[in-house]
Amino acid sequence: MKAIAFVDYENIWTSLLERGYELSPDQLVRFLRAYAEQKDMYLSAIYLYANFDREEFRRTQTTFEKTNVFTRHVFGKNN
């Protein structure tokens, strides 16, 4: 089965940080791909949504795009 992941990266990252975890771009991508594989799905695309103007995300957008993850810049309520 094919799947596409649509991820609210900003909220996931913020929620984990509040619990004491710092999520790297590489960790998130590895987790999503491993989860899809575990569920016998072919992950054809990953789309991440976040306000990439936030200081915490300045360099993450490029990191994601280098691993064929599509990013979408959005202005959110967490600004």
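**Fold and aromatic pairs of a predicted model**

Going along the sequence, the protein runs β-α-α-β-α-β, which adds up to 3 helices and 3 strands. Here helices (H or I, at least four residues) and strands (E, at least two) are DSSP runs, numbered from the N terminus. This is a predicted model, so local features need pLDDT of at least 70 and side-chain atom pairs count only at pLDDT 80 or more, while totals for chains, interfaces and linings use all residues. Residues are numbered from 1 along each chain as its sequence is written, and side-chain values use heavy atoms, with hydrogens and water left out.

As for overall shape, the radius of gyration (taken over C-alpha atoms) is 13 Å, close to the 12 Å that the globule rule gives for 79 residues, so the protein is as compact as a globular protein of that length. That rule is 2.2 Å times the number of residues to the power 0.38. Along the principal axes, the C-alpha atoms fill a box of roughly 35 × 25 × 20 Å. Of the 79 residues, 34% are buried; buried means under 20% relative accessible area, exposed means over 50%, and partly exposed is in between (1.4 Å probe, protein chains only). Contacts (heavy atoms within 4.5 Å) were also sorted by sequence separation: among those between residues at least 6 apart, 62% join residues at least 24 apart.

Now for the rings. A pair of aromatic rings is described by the distance of the centres and the angle of the planes. Rings of Phe, Tyr and Trp (its six-membered ring) pair if their centres lie within 6.5 Å; planes under 30 degrees apart count as stacked, over 60 as edge-to-face and the rest as tilted. Searching the whole structure turns up 7 aromatic pairs. In one of them, Phe-6 and Tyr-47 have ring centres 5.4 Å apart and planes at 10°, so this pair is stacked. Phe-6 sits in strand β1 (residues 2-8) and Tyr-47 in strand β2 (residues 42-50), so the pair ties together parts that are 41 residues apart in sequence. With 57% relative accessibility, Phe-6 counts as exposed.

Another pair, Tyr-9 with Phe-57, is tilted, with 5.2 Å centre to centre and 50° between the planes. Tyr-9 belongs to helix α1 (residues 9-18) and Phe-57 to the loop between β2 and α3 (60-66), so this pair links parts that are 48 residues apart in sequence. Both Tyr-9 and Phe-57 are buried, and together with Trp-13, Phe-52 and Phe-64 they form one aromatic cluster.
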